[in-house]
Amino acid sequence: MVDGGHKAFGWAAKNESGVLSPFHFSRRENGENDVTVKILFCGVCHSDLHTIKNHWGISRYPIVPGHEIVGIATKVGKNVTKFKEGDRVGVGVIIGSCQSCESCNQDLENYCSKLVFTYNSRSSDGTRNQGGYSDVIVVDHRFVLRFPDGLPSDAGAPLLCAGITVYSPMKYYGMTEDSGKHLGVSGLGHIAVKIGKAFGLRVTVISRSSEKEREAIDRLGADAFLVTTDSQKMKDAVGTMDFIMDTVSAEHSLLPLFSLLNVNGKLVMLGLPEKPLELPIFPLVSGRKMVGGSQIGGMKETQEMLEFCAKHNIVSDIELIKMSDINSAMDRLARSDVRYRFVIDVANSLSPASVISCDIKEHVDHEVSVMSRF
Ligand SMILES: NC(=O)c1ccc[n+]([C@@H]2O[C@H](COP(=O)([O-])OP(=O)(O)OC[C@H]3O[C@@H](n4cnc5c(N)ncnc54)[C@H](OP(=O)(O)O)[C@@H]3O)[C@@H](O)[C@H]2O)c1
Ligand SMILES: [Zn+2]
Ligand SMILES: [Zn+2]
C-alpha cells in the first residue's frame with residue numbers, strides 16, 4: 001500500500017521527450033461512489049501524444065496517458081447501483097466535474113469549468129490522476145460507462161474518445177437532421193466516416209495524399225476521397241459540402257476547407273494543433289459560413305453513442321500492440337502511420353514481470369549484437 005491507496009503499475013512519460021517507461025504509483029482506495037476497473041485495453045489518441053510531449057504547454061510529469069479505456073469492474077462502492085463486479089465498462093476522457101453548474105445540469109459535463117480529465121489533472125483532494133496505460137483505475141461511477149454487449153473490447157475502446165468526439169458535433173451542428181447532406185472529413189477521423197454514413201450523410205474524406213483512398217472507400221465506406229494537392233479535383237469540389245469536420249492534429253490552412261463549403265456551410269474544428277490557426281475572413285463572410293468547435297461529449301451522450309455504435313456495428317479499425325511497443329507506436333502516430341488507431345492489449349502485456357523479461361530480452365539482444373561485432 002502506498003499513501004493509503006493501492007498499488008498500480010503503468011507506463012509513464014517522465015519529461016518532454018515523451019518517452020514512456022514502467023512506472024509504479026498508487027490509486028485511491030475504492031470509495032462509496034467509485035468503481036475499480038481492471039483495465040483490458042486502452043486506445044492511443046493523438047491527445048496522448050500531444051500531452052506526453054507537452055505540445056500544449058500544460059503537462060505535469062510523470063504522466064501515464066490513456067483515455068480510451070475498456071475493462072472489468074472489480075469493485076463497486078456502496079452507493080453504486082448501475083454497475084456490479086464483473087461488468088464490462090468504459091472510461092473516457094473525463095472522470096469528474098462539479099455536478100451543479102449549468103453545463104453539468106444539461107448533461108454537458110464536458111464543458112464544466114471544473115471538469116477533471118482522466119490524466120494530467122488533479123482530483124479535488126489534490127492527488128494526481130493517471131490514465132489507462134496501466135493495470136487498474138478507480139473512477140467515480142458517474143464517469144463510468146456501460147460497455148454494450150455487441151461491442152468488442154479492443155476495437156470498441158477508441159469510441160470512448162474518437163467516437164464521441166465526432167458523434168457529438170454531428171448532432172449539435174445539425175448534421176443528422178436531414179439525411180443526404182454532404183460531410184467532408186479532413187484529417188481522416190475514420191470513425192467520423194463510419195458514424196456519418198450511419199446517420200445517412202454523404203461523406204467525403206479530405207486528405208493530403210491518395211495513400212488512404214482505396215481503404216477509405218472500400219473499408220470505411222466513404223463516398224468519395226479528395227486529395228488537397230489535386231488542384232483540379234479541389235476546384236471541382238468548391239461549394240459542394242454542407243459540413244466539414246477538421247480532425248487535423250497539426251498546423252494547416254483553413255482556406256481550402258472554406259472554399260469547399262457551400263453557402264451557410266459549417267466548419268467544425270476538432271483537432272487541437274499546438275499553435276493557433278489563421279482564420280480567413282473573406283470566404284467566411286461572403287458565404288455566411290460558420291466555424292465552431294466541439295470537445296468530446298457529456299456522459300449521457302457518450303453512453304448513447306456507444307449504444308448507437310453497437311447497433312450499427314461501428315468499431316474502430318485498429319492495430320493491437322503490446323505495452324512494450326508503445327514508444328515506436330508513438331513515433332508512427334506522429335508520422336500519421338497508423339491504420340487507424342493503436343490499441344494497447346493492456347491485460348496481456350502489462351505486468352512488472354513482462355517488463356522485466358522484456359528488459360532482459362533487450363539486454364540479451366544487446367549483448368548478442370555487441371558480441372557479434374567482435
Ligand atoms: N475536440 C476533441 O474533443 C478532441 C478529442 C480527441 C482528439 N482531439 C484532437 O484531434 C486531433 C486528431 O486526433 P487523432 O487521435 O484522430 O489523431 P491522428 O490519428 O494522428 O489523426 C490526425 C490526422 O491529421 C492529419 N494530419 C496530420 N498532420 C497534418 C498536416 N500537417 N496537415 C494536414 N493534415 C495533417 C492526418 O490525416 P491525413 O494523413 O489523412 O492527411 C492524420 O490522420 C489531435 O489534435 C487531438 O488532440 C480532439
Ligand atoms: Zn482522445
Ligand atoms: Zn459543472
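Mentor: Let's sort out some words: Ala, Val, Leu, Ile, Met, Phe, Trp, Tyr, Cys and Pro count as nonpolar, Asp, Glu, Lys and Arg as charged, and the others, Gly among them, as polar. Our structure is a predicted model, where local features need pLDDT of at least 70 and side-chain atom pairs count only at pLDDT 80 or more, while totals for chains, interfaces and linings use all residues. Residues are numbered from 1 along each chain as its sequence is written, and chains are lettered from A and ligands numbered from 1 in the order in which they are written.

Trainee: How do the residues of the shell around ligand 1 divide into nonpolar, polar and charged?

Mentor: There are 26 residues around ligand 1 (C-beta atom, placed from the backbone, within 6 Å of it). His46, Gly187, Ser207, Ser249 and Ala250 come nearest. Sorted by type, the shell holds 10 nonpolar, 14 polar and two charged residues.

Trainee: Which helix gives the largest share of that shell?

Mentor: Helices here are DSSP runs of H or I with at least four residues, strands are runs of E with at least two, and both are numbered from the N terminus. Two helices, α1 (46–52) and α4 (162–172), each supply at least two shell residues. The largest share, three residues, comes from α1.

Trainee: And which domains does ligand 1 lie between?

Mentor: The bounds come from an automatic or database domain assignment. Both domains give residues to the shell, so ligand 1 sits between domain 1 (6–161 + 297–363) and domain 2 (163–293).

Trainee: Back to α4: how many of its 11 residues are buried?

Mentor: Buried means 20 or more other C-beta atoms within 10 Å of a residue's own, with C-beta atoms placed from the backbone. Ala162, Tyr167 and Met170 are among the buried ones in α4. Their cover includes α5 (190–198), β15 (241–246) and α10 (299–311). The helix is largely enclosed by the rest of the structure, because its buried residues number nine.

Trainee: Just after α4, which residue takes a positive phi?

Mentor: Look for a phi of about 80° just past the end of α4. That residue is Gly174.

Trainee: Zooming out, what radius of gyration does the whole protein have?

Mentor: The protein has 13 helices and 19 strands, and 43% of its 374 residues count as buried. Its C-alpha atoms fill a box of roughly 65 × 65 × 40 Å along the principal axes. The globule rule (2.2 Å times the number of residues to the power 0.38, with the radius taken over C-alpha atoms) puts a compact globule of 374 residues near 21 Å, which agrees with the protein's own value of 21 Å.

Terms used
Buried ≥ 20, exposed ≤ 12 C-beta atoms within 10 Å, placed from the backbone. Contact = placed C-beta atoms within 7 Å.
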